[in-house]
Amino acid sequence: GRDYLGISYFQKMSNSRYPSPFVGNLDLPVLKSKTPIPDSNLEQTHIEDEITTYAGNEIIEYNRCNYFYLLRKLWLYQSGFDQMLNFGKSLHHCLRKASEMVKSQNIDPEIAIEKTFQGGGFHLPYAGEFAREMAEDSAKKTLLKYAKERKKDILNVHEVEARIEFPLENATVAGRIDVILDDQGKREVRDYK
């Protein structure tokens, strides 16, 4: 749980402004400028004895910027949605659908990719029409290039977007890998960055 909630506002040096009228309705103690925050009198109600599980991307986010991790994962702050949100997932979805067509219908990987995009397999929920069309065109070119260069790989796809877990002594690292290939009984993992 959280021990302390503070609500603050900026007081201008000139042209003074009053705080929001809603602040006065909260019935909270008011601290003057430069007053130290009081100690919390809350007591811990239970002891956590569960093992905490972190996904691989959470560890990467924490190492990249621990404040960003705190804001997003612990304090649940979400910034505005980017138009390209879901681009990677949609790209992987199209690859999965194309791979399934190649397996079930025994068709050429490039044709399967074309059919996937014709069927509306690519989706960006927060993009405008122009941005979505540009992103879809980019995704289609990327997958067609992949299909030309890695045709054998697509013919040997065992699974796309496979979930993996690595249990450690006091934690479990979980995540997804892009593709698992199966070439005559030999399994190979591919993760594209």
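These legends accompany several close-up views of a predicted model.

**View 1. The largest nonpolar core, and the residues at its heart of contacts.**
In soluble globular proteins, nonpolar side chains tend to be buried together. In this predicted model, the largest nonpolar core has 25 residues. Look for L95, A112, I113, F117, F122 and L143, which have the most contacts inside the core. Helices α4 (87-105), α5 (109-118) and α6 (129-149) each supply at least two residues of this core, and so do strands β2 (157-167) and β3 (172-183). Helix α6 gives the largest share, with 7 residues.

**View 2. A112 and its contacts.**
Here we zoom in on A112, one of the residues with the most contacts inside the largest nonpolar core. Setting aside neighbours within four places in sequence, you can find A112 in contact with A98, M101, V102 and I107.

**View 3. Helices α5 and α6, side by side in contact.**
Two packed helices are described by the angle between their axes and the distance between the axes. For α5 and α6, the axes come within 9 Å and cross at roughly 165°. Angles over 145 degrees count as roughly antiparallel, so α5 and α6 are roughly antiparallel to each other. Their crossing is right-handed. On the α5 side, the residues to look for are P109, E110, I113, E114 and F117. They meet E136, A139, K140, L143, L144, A147 and K148 in α6. Of these residues, I113, F117 and L143 may already be familiar, as they are among those with the most contacts inside the largest nonpolar core.

**View 4. Helix α2 and what covers its buried residues.**
Helix α2 spans residues 56-64, and its buried residues are G56, E58 and E61. The elements covering these buried residues include β1 (54-55), α3 (66-74) and β3.

**View 5. A closer look at E58 in helix α2.**
Is E58 buried or exposed? E58 has a relative accessibility of 17%, and buried means under 20%, so E58 counts as buried. Not counting residues up to four places away in sequence, E58 touches T53, Y69 and K73.

**View 6. The cysteines C65 and C94.**
A disulfide is a covalent bond between the sulfur atoms of two cysteines. How many disulfides does the structure hold? The count is 0. While you are here, compare the surroundings of two cysteines: C65 is partly exposed, with a relative accessible area of 32%, whereas C94 is buried, at 0%.

Notes. Residues are numbered from 1 along each chain as its sequence is written. This is a predicted model: local features need pLDDT of at least 70, side-chain atom pairs count only at pLDDT 80 or more; totals for chains, interfaces and linings use all residues. Side-chain values use heavy atoms; hydrogens and water are left out. A disulfide is a pair of cysteine sulfur atoms within 2.5 Å. Buried means under 20% relative accessible area, exposed over 50%, partly exposed in between (1.4 Å probe, protein chains only). A nonpolar core is a set of buried Ala, Val, Leu, Ile, Met, Phe, Trp, Tyr and Cys residues joined through side-chain atoms within 4.5 Å. Helices (H or I, at least four residues) and strands (E, at least two) are DSSP runs, numbered from the N terminus. Contact means heavy atoms within 4.5 Å. Axes are lines fitted to C-alpha atoms, for helices over the stretch in contact, and angles run from 0 to 180 degrees between N-to-C directions. Angles under 35 degrees count as roughly parallel, over 145 as roughly antiparallel, 65 to 115 as roughly perpendicular and the rest as oblique. A crossing is left-handed if the near helix is turned anticlockwise from the far one by less than a right angle, and right-handed if clockwise.
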